[in-house]
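Biologist: I'd like to understand where the labels people put on a protein model come from. Could you walk me through this one?

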Amino acid sequence: MPASTSKSLRVAVLADSDTRWKWGALTANRIAPADADIRLDGYLLRGRATPTARQLEEVGVRADSLREVTAVEFLRGMAREENDYDVVVLSLVGGAVQAMLHGLSHQWRERFGPGRAKRPVVVTGYVGVVYEKLADGLLLRHGADLVLANSRQDADRFTAVYEGVGADASSVTEVALPFLGGAPYEKHDPYTVVFAAQPSVPESRKDRTYLLNRLVKHARLHPDREVLLKLRSKPGEHTTHIEEQPYQRLAERIPGGLPANFRLVYGHMGEVLDRTDLLVTVSSTAALESLHRQIPTVVLTDLGVRESLGNHHFVGSGCLASWDQLDAGHEPSRDEEWVARQGVAAGGTPSGGGAYETAFDAARARIVTLLGKGGLPVLAPYYTPATAPGYLPGILARHHLAPDGSPLPGAPDADKEPGPVRQIVRRAARGAYRHGVQRVAPVIRRMGEL
């Protein structure tokens with residue numbers, strides 16, 4: 001049997017939630033050179049949103065190894081010779097990306113010196129629609145070799161922000177969301193309406209109760225339809241954002257109970273879309289997955305079209321509608337030019353964008369070029385102790401790093417798996433935190449409003 005001619009590519013993905021693990025791992029596979037034999041090592045950053053075993057199973061993305069680490073543990077591991085990765089994907093919230101960039105820069109300077117070195121290519125980006133804190137989030141990600149933009153529109157916006165502050169914008173690389181795919185839409189029997197819930201949009205109990213009541217009302221008005229509430233996490237679990245008012249708990253209080261054609265469902269979003277005839281959401285990235293598959297998609301206007309909700313991103317899409325319209329039989333008609341510009345049109349359009357299958361070509365080519373240079377310069381984020389002396393030190397300190405990126409004295413580290421007692425204490429601490437978020441904090445806020 002002939003020997004394989006594939007080139008080995010070692011990739012590390014650091015993620016801080018189930019959604020970001022999914023994005024990071026799938027992105028790693030999408031941007032790898034076509035002839036590469038990938039070894040993917042996953043690292044889960046220890047924190048409030050560290051995914052549970054159930055969440056990881058639901059995501060369905062596999063790695064050659066997967067372990068939980070502290071920030072300092074990860075950084076020290078990246079400096080070891082046995083961890084000579086070719087690519088490091090930082091799939092984290094913006095502040096954590098910035099901390100890792102400074103931490104990696106310090107570790108690699110310690111190992112290789114201040115000049116060019118054969119270090120990994122560092123990649124970061126966003127897990128979905130960028131609808132808030134554009135400048136803040138982007139500048140916190142500046143310094144990576146590649147900052148991935150999920151669409152032509154995002155690439156233009158990212159470049160404008162970097163150039164506007166005098167930062168190098170060459171890292172901005174247009175790709176697409178890595179988890180798009182699935183079979184094109186075909187009608188189902190029974191007709192199935194899916195509401196894609198979000199952990200923090202909307203945030204208030206009042207608004208979430210309103211949306212749930214309208215979904216239940218739609219099920220009662222259309223008993224011939226199957227109506228599904230697609231949930232991101234179970235009570236007590238956390239995802240990318242904090243969910244203080246889980247729909248599961250609100251559903252327990254529906255007068256008269258839930259109708260027979262209404263169900264709460266979990267699972268992989270792609271599998272749910274396989275049986276969807278109408279996808280309804282406030283602003284979930286699931287809308288882009290649905291549009292890619294040409295499934296009729298509605299972004300709700302009931303609570304207004306507002307930046308805080310993220311549905312303003314869909315202005316011009318042809319998808320905006322209200323529950324009243326849906327109850328009356330409204331069928332959305334998407335704008336093809338808008339869809340293509342978002343990087344979710346499978347075939348592309350003449351003026352809007354290219355086909356999805358070629359969306360990652362530029363990123364692959366850039367990685368091949370960088371790996372072939374034999375040495376890369378020190379990471380150079382826009383934020384430094386000189387450019388942001390009142391901001392950067394606090395961001396780094398939250399991850400137990402000094403202003404120069406070195407670990408602070410006493411920073412939590414671990415060279416072995418936690419023992420049984422430590423695991424129990426950690427689970428108890430997480431449980432207490434989540435109980436505080438989902439039970440105690442809302443009560444305190446309501447008391448404050450009296």
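**Reading the labels**

Modeller: Let's start with a pair of helices: α5 and α6 are roughly perpendicular to each other. Before going on, this is a predicted model, where local features need pLDDT of at least 70, side-chain atom pairs count only at pLDDT 80 or more, and totals for chains, interfaces and linings use all residues. Residues are numbered from 1 along each chain as its sequence is written, and side-chain values use heavy atoms, with hydrogens and water left out.

Biologist: Why are α5 and α6 called roughly perpendicular?

Modeller: Helix α5 (residues 134-141) and helix α6 (residues 152-164) pack at about 75°, with axes 10 Å apart. The label covers 65 to 115 degrees, while under 35 is roughly parallel, over 145 roughly antiparallel and the rest oblique, so α5 and α6 earn "roughly perpendicular". Axes are lines fitted to C-alpha atoms, for helices over the stretch in contact, and angles run from 0 to 180 degrees between N-to-C directions. Helices (H or I, at least four residues) and strands (E, at least two) are DSSP runs, numbered from the N terminus.

Biologist: Which residues make the contact between α5 and α6?

Modeller: Contact means heavy atoms within 4.5 Å. From α5 come Leu 134, Ala 135, Leu 138, Leu 139 and Arg 141, and from α6 come Arg 157, Phe 158, Val 161 and Tyr 162. That set splits into seven nonpolar, no polar and two charged. Here Ala, Val, Leu, Ile, Met, Phe, Trp, Tyr, Cys and Pro count as nonpolar, Asp, Glu, Lys and Arg as charged, and the others, Gly among them, as polar.

Biologist: What makes β10 and β13 edge strands?

Modeller: The open sheet has six strands in the order β10-β9-β8-β11-β12-β13, with parallel pairing. β10 (262-265) and β13 (320-321) each have a single partner strand, so one side of each has no neighbour in the sheet. Helix α7 (residues 205-221) packs on this sheet, touching β8 (192-196), β9 (226-230), β10 and β12, and its direction makes about 160° with that of β9.

Biologist: How do you know that β12 and β13 pair?

Modeller: Two strands pair if DSSP finds at least two bridges between them. Strand β12 (residues 297-300) and β13 have two bridges, in the parallel sense, so they pass. Val 299 stands opposite Leu 320 in β13.

Biologist: Is Lys 133 buried or exposed, and what about His 400?

Modeller: Buried means under 20% relative accessible area, exposed over 50%, and partly exposed in between (1.4 Å probe, protein chains only). Lys 133 has 62%, so it counts as exposed. His 400 has 35%, so it is partly exposed. Lys 133 sits in the loop between β5 (121-125) and α5, with a positive phi of about 50° although it is not a glycine. His 400 has a phi near 65°, and its loop runs between α14 (392-397) and α15 (420-448).

Biologist: Where are the cis peptide bonds you'd point out?

Modeller: One goes from Asp 189 to Pro 190, with omega near 5°, and Pro 190 is in the loop between β7 (172-174) and β8. Another joins Val 201 and Pro 202, with omega about -10°.

Biologist: And what is the average pLDDT of the chain?

Modeller: pLDDT is the predictor's confidence in each residue, from 0 to 100. The chain averages 87, and 85% of the residues score at least 70. Over residues 432-450, though, pLDDT is below 50.
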